[in-house]
Amino acid sequence: MNAPQSAPASHLSADDRQEDRYLASTHEVINQPCALENYNLYEQDTALAEAARREGATDREQDLVRFGALAGAAETIDLGFRANNNKPVFNTHDRFGHRIDEVDFHPAYHQLMSLALENGLHSSPWENPGEGAHVARAAKYYMHSQVEAAHCCPVTMTFAAIPSIRKQPELAKLWEDRILHNSYDSRNIPDSQKASVTVGMAMTEKQGGSDVRANSTRAFPVAAGGPGQAYELVGHKWFVSAPMCDAFLVLAQAPGGLSCFLMPRWRPDGTKNPWQVQRLKNKMGNVANASSEAELRGALAWMVGEEGRGVPTIIEMVAMTRFDCMIGSSAGMRQAVAQATHHCRHRSAFGATLIDQPLMQNVLADLAIENEAAMTYTMRIARALDHQEDEHERLLARLATPVGKYWICKRTPNHAYEAMECIGGSGVMEDCIMPRLFRESPVNAIWEGSGNVQCLDTLRALQKEPDTLDAFFREVAEAKGSDRRLDGFLTRLKDDFTDISDFQYRARNLVDRMAIAMQASLLLRHSTPAVADAFCASRLENHGGMNYGNLPSGTDAAAIIKRATPVVG
Ligand SMILES: Cc1cc2nc3c(=O)[nH]c(=O)nc-3n(C[C@H](O)[C@H](O)[C@H](O)COP(=O)(O)OP(=O)(O)OC[C@H]3O[C@@H](n4cnc5c(N)ncnc54)[C@H](O)[C@@H]3O)c2cc1C
């Protein structure tokens with residue numbers, strides 16, 4: 001028989017052993033940053049505050065400061081994590097067997113939706129148009145999207161639906177007040193019982209995504225047919241985000257061609273409209289938001305705009321969603337810069353804080369100017385949207401929106417990755433926001449018209465309204481004479497527009513350069529000399545390097561970083 005085992009003799013005294021603290025403590029945690037939270041996203045973003053004031057939102061600044069504190073609160077940031085850690089779940093039926101088509105979201109998603117809608121992110125420029133309306137909303141959206149981008153999809157679609165729905169005044173009369181209501185009602189009940197509703201968009205089909213002319217969903221008139229009349233829709237949709245929206249703008253083939261329809265999720269008699277969600281998409285990013293596949297089995301809908309003019313009708317909505325993609329991607333960059341600079345400000349390696357290491361300074365400053373260029377461009381277009389009665393502003397918004405949507409969204413994924421690397425291994429971990437920013441980063445570039453489609457839309461604008469190009473160059477030329485690099489860049493760019501016969505093939509090159517020229521012009525006019533000089537040196541002149549961290553010697557990187565760094569802790 002084995003002898004019972006006795007505890008090995010301890011080298012600690014009895015007193016030491018009684019102190020849990022002594023036994024549990026293996027090391028002191030040092031050289032780690034504090035959490036980036038409880039800060040004001042507006043007040044701690046110098047470039048944003050300058051842009052909001054410059055582009056016309058000075059009178060609305062108090063509200064932006066208030067919202068900045070709300071967006072930076074630890075509790076708000078936490079909602080973003082919770083909404084993403086708990087993916088939405090789709091239930092076809094209730095436990096008694098009734099078809100319900102209900103997506104079950106985590107409460108944090110609903111709280112974020114409430115925050116967005118109660119603060120007018122879907123409504124403010126339509127309710128109180130005028131000087132600074134779109135600018136202030138863009139600034140708010142820029143902050144809110146940094147907290148959590150995925151739920152911003154239904155916020156954007158609800159906001160963007162207004163210009164299209166207004167094309168059918170009797171439908172607008174029925175819906176507009178409820179769309180613009182500054183509250184959120186998540187209940188799965190008929191819209192007639194709700195004070196506030198949300199609106200989605202259903203264009204994309206399996207056989208025709210970008211090319212919506214290939215859509216096969218058919219619309220059958222219930223009676224007379226025509227604008228404002230009732231139809232039944234039969235077919236499918238391959239991508240429908242936020243399927244719990246109360247209504248959708250849908251493209252379908254009417255007898256007179258592809259048309260736009262407003263389709264509520266419930267019929268006016270309180271029964272479910274036969275619009276059935278098949279399943280949710282299993283997305284790599286944007287996971288807090290549900291995106292679905294759906295079938296329309298005679299779903300009741302009302303025609304918006306002229307029969308056969310579905311694309312021109314829904315394009316009003318699409319133009320606004322594209323603008324929001326610019327805000328969203330600029331915001332993703334801003335949050336990445338805030339995280340990277342904050343981390344490097346608190347982290348030391350090889351005898352100095354990372355933010356003071358010359359090579360890291362080059363990377364951080366480069367990320368910061370990319371973000372500021374994107375935000376500055378976006379806010380300039382927001383001002384153009386506030387002044388659509390002015391012909392220059394109208395032409396500018398028409399051309400600069402596809403150019404900006406293409407460029408800014410496309411610049412975001414590599415920016416997110418590089419910021420993640422500034423944080424090192426902890427930047428890869430799911431309890432850091434960086435993986436979420438990274439997975440979110442390609443989405444804006446693909447939906448609402450992918451990169452090539454934006455370039456082709458730029459060409460369409462040039463062909464249909466050649467004056468848009470004059471407006472674009474007139475705007476860029478506002479900085480003429482202030483930097484020889486921009487002057488030379490503009491001369492070459494203009495020369496390359498003298499023959500646009502093979503524009504399709506060269507479109508990416510031309511659109512890239514248009515975007516860079518606009519950003520350089522805006523930064524030269526409005527930003528600090530350090531930011532403008534670094535942008536011109538690295539974006540208008542080629543020194544051979546391709547990655548972030550290629551700012552030339554002589555750049556005042558410290559000044560650029562200071563401007564971009566939120567001071568927390
Ligand atoms: C997360 C997510 C949510 C979405 N939500 C919605 C939604 O709510 N409602 C909705 O209607 N849609 C939605 N979409 C669909 C999205 O808008 C489409 O995926 C997008 O428009 C591209 O269409 P597609 O996927 O059919 O690709 P395709 O149209 O097949 O395009 C594939 C590629 O070809 C390129 N291309 C197309 N035509 C040309 C050309 N002539 N020349 C050169 N290149 C070309 C495109 O730029 C793209 O890169 C969503 C997509 C995603 C990823």
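**The ligand shell and strand β9**

The residues around the ligand split into nine nonpolar, seven polar and two charged. Keep in mind that this is a predicted model.

Colleague: Which residue has a polar side-chain atom 2.7 Å from a nitrogen atom of the ligand?

Modeller: Start with the shell: 18 residues surround the ligand, and the closest include Met 201, Thr 204 and Ser 241. A ligand nitrogen sits 3.2 Å from a polar backbone atom of Phe 239, and a ligand nitrogen is 3.0 Å from an N or O atom in the side chain of Asn 452. The side-chain atom at 2.7 Å belongs to Thr 204.

Colleague: How much of the ligand does the protein bury?

Modeller: Asn 452 puts a side-chain N or O atom 3.0 Å from a ligand nitrogen. On its own, the ligand exposes 970 Å². Of that area, the protein buries 67%.

Colleague: Is strand β9 largely enclosed or open?

Modeller: Let's look at its partners. β9 pairs antiparallel with β5 over 10 bridges, and with β8 (residues 275-280) over five, also antiparallel. Strand β7 (residues 257-264) adds three antiparallel bridges to β9. As for burial, 11 of the 14 residues of β9 (residues 291-304) are buried, so the strand is largely enclosed.

Colleague: Which residue of β9 is the bridge partner of Ala 230?

Modeller: Here's a clue from another strand pairing: Leu 262 stands opposite this β9 residue too. Arg 279, by contrast, has Glu 293 as its bridge partner in β9. For Ala 230, the partner is Trp 302.

Technical notes: Residues numbered from 1 in each chain as written. Predicted model: local features only at pLDDT ≥ 70, side-chain atom pairs only at ≥ 80, totals over all residues. Heavy atoms only, no water. Near = heavy atom within 4 Å. Polar contact = N/O pair within 3.5 Å; in protein donor to acceptor, adjacent residues only side chain to side chain. Areas by Shrake-Rupley, 256 points an atom, 1.4 Å probe, with all protein chains shown as cover. Nonpolar A, V, L, I, M, F, W, Y, C, P; charged D, E, K, R; others polar. Buried < 20%, exposed > 50% of the residue type's maximum accessible area, 1.4 Å probe, protein only. Helix = DSSP H or I, 4+ residues; strand = E, 2+ residues; numbered from the N terminus. Pairing = 2+ DSSP bridges.
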